[in-house]
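Trainee: I've got a protein model on my screen and no clue how to read it. Can you walk me through it?

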Amino acid sequence: EYIESFIKFVESREFYDYFPHYEGMKLIPVFSSLNIKEDMIKLLTKNNIYCLVMKGNTMDLVNYSEINKEEK
């Protein structure tokens with residue numbers, strides 16, 4: 001449910017209500033988690049939201065190449 005709420009927040013552009021001085025700038029949403037299922041990563045990718053996941057001792061953007069491929 002957190003992912004669905006985050007997607008709705010990004011789509012609503014509510015961010016700019018809180019930070020109006022960023023209006024007109026591109027919002028690059030990132031959802032982070034210690035652990036996330038593959039189907040949720042696909043949902044985030046479909047909505048052009050980066051997914052940051054714990055991998056060993058570091059965090060990794062697991063869908064970076066897929067989103068950048070879509071943006072080209």
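Mentor: Sure. Start with how the chain is held together: of the contacts with a separation of 6 or more, 24% join residues 24 or more positions apart. Keep in mind that this is a predicted model.

Trainee: OK. How many helices and strands should I look for in the protein chain?

Mentor: You should find 4 helices and 3 strands. Follow the sequence and they come in the pattern α-α-β-α-β-β-α. For scale, the C-alpha trace spans about 35 × 30 × 25 Å along its principal axes.

Trainee: Now the strands. In which order do they sit in the sheet?

Mentor: The order is β1-β2-β3, in an open sheet with mixed pairing. The edges are β1 (30–33) and β3 (58–61), each of which pairs on one side only. Direction ignored, neighbouring strands are turned by 25 degrees against each other on average.

Trainee: Which strands pair in the parallel sense?

Mentor: β1 and β2 do, over 4 bridges. Look for S32, which stands opposite L52 in β2. By contrast, β2 (residues 50–55) and β3 pair in the antiparallel sense, over 4 bridges. There you can spot M54 opposite M59 in β3.

Trainee: What do β1, α3 and β2 make together?

Mentor: They make a β-α-β unit, and a right-handed one.

Trainee: Let's look at a helix, then. How do I tell which side of it faces inward?

Mentor: Check which residues are buried, and then see whether they gather on one side. Try α1: I3, I7 and V10 are buried. Looking down the axis of α1, you find these buried residues within an arc of 65 degrees, so they line one face of the helix.

Trainee: And what covers the buried residues of α1?

Mentor: The cover includes β1 and α3. Now turn to the face of α1 pointing away from the buried side, and you'll see the exposed residues Y2 and K8.

Trainee: Let me try α3. Which of its residues are buried?

Mentor: In α3 (residues 38–46) they are I41, L44 and T45. Seen down the axis of α3, the buried residues fall within an arc of 100 degrees, so they too line one face of the helix. K42 and K46 are exposed on the other side of α3.

Trainee: Several of those buried ones are nonpolar. Is there a general idea behind that?

Mentor: There is: in soluble globular proteins, nonpolar side chains tend to be buried together. Here, the largest nonpolar core has 10 residues: I3, I7, V10, F31, I36, I41, L44, I49, C51 and V53. The elements giving two or more residues to this core are α1 (2–12), α3 and β2.

Trainee: Which element gives the most to this core?

Mentor: That's α1, with 3 residues. As for the whole chain, buried residues make up 24% of its 72 residues.

Trainee: Can I zoom in on one core residue? What does I49 touch?

Mentor: Leaving out residues up to four places away in sequence, I49 touches F6, I7, V10, P29, V30, F31, L44, N63 and I67. Click through that list and you'll meet other members of the core, including I7, V10, F31 and L44.

Trainee: Last thing: backbone angles. What should I look for?

Mentor: One thing to look for is a positive phi in a residue other than glycine. R13 is such a case, with phi near 60 degrees. R13 comes just after α1, in the loop between α1 and α2 (15–18).

Trainee: Where is N48, and what is its phi?

Mentor: N48 sits in the loop between α3 and β2, and its phi is near 55 degrees, again a positive value in a residue other than glycine. As with R13 and α1, N48 follows just after its helix, α3.

Trainee: How do I decide whether those two count as buried, exposed or partly exposed?

Mentor: Use the cut-offs: buried is under 20% relative accessible area, exposed is over 50%, and partly exposed is in between. R13 has 43% relative accessibility, so R13 counts as partly exposed. N48 has a relative accessible area of 35%, so N48 is partly exposed as well.

Technical notes
Residues are numbered from 1 along each chain as its sequence is written. This is a predicted model: local features need pLDDT of at least 70, side-chain atom pairs count only at pLDDT 80 or more; totals for chains, interfaces and linings use all residues. Side-chain values use heavy atoms; hydrogens and water are left out. Buried means under 20% relative accessible area, exposed over 50%, partly exposed in between (1.4 Å probe, protein chains only). The arc is that of the directions from the helix axis to the C-beta atoms. Two strands pair if DSSP finds at least two bridges between them. Axes are lines fitted to C-alpha atoms, for helices over the stretch in contact, and angles run from 0 to 180 degrees between N-to-C directions. A nonpolar core is a set of buried Ala, Val, Leu, Ile, Met, Phe, Trp, Tyr and Cys residues joined through side-chain atoms within 4.5 Å. Contact means heavy atoms within 4.5 Å. A crossover is right-handed if, with the strands pointing away from the viewer, the path from the first strand over the helix to the second runs clockwise.
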